[in-house]
Amino acid sequence: MEYVRRAIIMAAGTGSRMMPLTANIPKPLVSVMGKPMIETAIQGLRQNGINEVYIVTGHLREQFGYLEEKYPGVSLLYNPYYRETNNISSLYAARNYIENAMILDGDQMINNKLVLSPETEKSGYNCVWTDVETKEWLLTVENGIVTKCSRSGGTAGWQLYSISRWTKEDGRKLRRHLEIEFEQKNHKQIYWDDVALFCYPEEYRLGIKPMRAQDVTEIDSLEELIRIDKTYEKYAGNAV
């Protein structure tokens, strides 16, 4: 059993599917039911003994400054490529901290702090089993090891959520592979998850950490936000 010691929170994106709200506030700082989404992650991490937290910022990055004062141990990193690249550039910006780390997105609500527990037997993702059709990334698992990933989703598989843990050894490999893909191959329009799942799958033996769908709320669009928090109904019909 290994334990993650730090966390990387991805928070650089422009939140285009939540415009015009996110024109003036980064999506992870949008309050849902009275609390900024990213703070549910930070608080959950701290309750699990993970206080070393790196937040990768980009869009409206100055608004994240208060988090360093409010939560000792939080440090802000800047992704200068966030407007022109996919999120591989955000993990590239945090590549020095991947060993023994949890990586998660800042634009999700953590409803059950247990999903951020530091224990892990192997590197891998939090997942929810689904028997119904999904368009989200879907993992096939055999004998506890991820053997396949479908980007287009499907049925009867483990739906991947943006919470993952990386051991010291795999974190070191992931950093090296990120540098190869980003610097040498100039693959700047891929997801960082592509690196282990599609670019170098033979070099990782990833597992999963099962959870329930209600443990985490992913909010991808303004419409989804309005369904959850009616205080945003004034933005209805104004989505970009």
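## Working through a predicted fold

H59 is buried, its relative accessible area being 6%. That value, like everything below, comes from a predicted model. Let's start with this histidine and work outwards.

### Exercise 1: placing H59

Task: Say where H59 sits in the chain, and which residues outside its sequence neighbourhood are in contact with H59.

Solution.

- Step 1. Find the element. H59 belongs to the loop that runs between β5 (52-57) and α2.
- Step 2. Check the exposure. Buried means under 20% relative accessible area, and H59 has 6%, so the histidine counts as buried.
- Step 3. Look for a polar partner. The H59 side chain comes to 2.8 Å from the backbone oxygen of T22.
- Step 4. List the surroundings. Skipping neighbours within four places in sequence, H59 is in contact with A12, G13, T14, T22, A23, I25, P26, F64, Y82 and R83. T22, the polar partner from step 3, turns up in that list too.

### Exercise 2: the loop at L21

Task: Work out whether L21 is buried or exposed, and which residues pack against it from beyond four places in sequence.

Solution.

- Step 1. L21 is in the loop between β2 (6-11) and β3 (31-32).
- Step 2. With a relative accessible area of 9%, L21 is buried.
- Step 3. Beyond four places in sequence, its contacts are V30, L222, L225, Y232 and Y235.
- Step 4. Take Y232 from that list. It is 211 residues away from L21 along the chain, yet the two C-alpha atoms are separated by 9.1 Å.

### Exercise 3: helix α1 and its link to K70

Task: Explain why helix α1 can be called largely enclosed, then find the K70 side-chain contact that leads back to that helix.

Solution.

- Step 1. Count the buried positions. Helix α1 spans residues 37-47, and 9 of its 11 residues are buried, so the rest of the structure largely encloses it.
- Step 2. Name them. The buried set is M37, I38, E39, T40, A41, I42, Q43, G44 and L45.
- Step 3. See what comes after. G49 follows α1 and has a positive phi, near 80°.
- Step 4. Turn to K70, in helix α2 (residues 66-70). At a relative accessible area of 47%, K70 is partly exposed.
- Step 5. Make the link. The side chains of K70 and E39 form a polar contact at 2.8 Å, and E39 is one of the buried residues of α1.

### Exercise 4: S164 and Y125

Task: Describe the surroundings of S164 and Y125, and show that each appears among the contacts of the other.

Solution.

- Step 1. Place the pair. S164 is in strand β13 (residues 157-166), while Y125 is in strand β10 (residues 124-130).
- Step 2. Check burial. S164 has 0% relative accessibility and so counts as buried; Y125, at 1%, is buried as well.
- Step 3. Go through S164. Its side chain makes a polar contact of 2.8 Å with the W166 side chain. Beyond four places in sequence, S164 is in contact with A101, M102, I103, G124, Y125 and W192.
- Step 4. Go through Y125. Its contacts beyond four places in sequence include S164, W166 and W192, along with L160, Y161 and I163. The list also takes in D193, L197, L206, G207, I208 and K209.
- Step 5. Compare. Y125 is in the S164 list, S164 is in the Y125 list, and W192 features in both.

### Exercise 5: R172 and two long spans

Task: Find the side-chain partner of R172, and give the C-alpha separations of R172 from L60 and of Y125 from E69.

Solution.

- Step 1. R172 is in helix α4 (residues 168-184) and is partly exposed, at 43% relative accessibility.
- Step 2. Its side chain makes a polar contact of 3.5 Å with that of E99.
- Step 3. R172 and L60 are 112 residues apart along the chain, with 30 Å between their C-alpha atoms.
- Step 4. For Y125 and E69, 56 residues apart along the chain, the C-alpha separation is 30 Å.

### Exercise 6: the whole protein

Task: Decide how the radius of gyration fits a compact globule, and summarise the overall make-up.

Solution.

- Step 1. For 240 residues, a compact globule would have a radius of gyration near 18 Å; the protein's 17 Å agrees.
- Step 2. Along the principal axes, the C-alpha atoms fill a box of roughly 50 × 40 × 35 Å.
- Step 3. The protein has 6 helices and 15 strands, and 52% of its residues count as buried.
- Step 4. Of the contacts with a separation of 6 or more, 72% come from residues 24 or more positions apart.

Notes: Residues numbered from 1 in each chain as written. Predicted model: local features only at pLDDT ≥ 70, side-chain atom pairs only at ≥ 80, totals over all residues. Heavy atoms only, no water. Helix = DSSP H or I, 4+ residues; strand = E, 2+ residues; numbered from the N terminus. Buried < 20%, exposed > 50% of the residue type's maximum accessible area, 1.4 Å probe, protein only. Polar contact = N/O pair within 3.5 Å; in protein donor to acceptor, adjacent residues only side chain to side chain. Contact = heavy atoms within 4.5 Å. Rg over C-alpha atoms; globule rule 2.2 N^0.38 Å.
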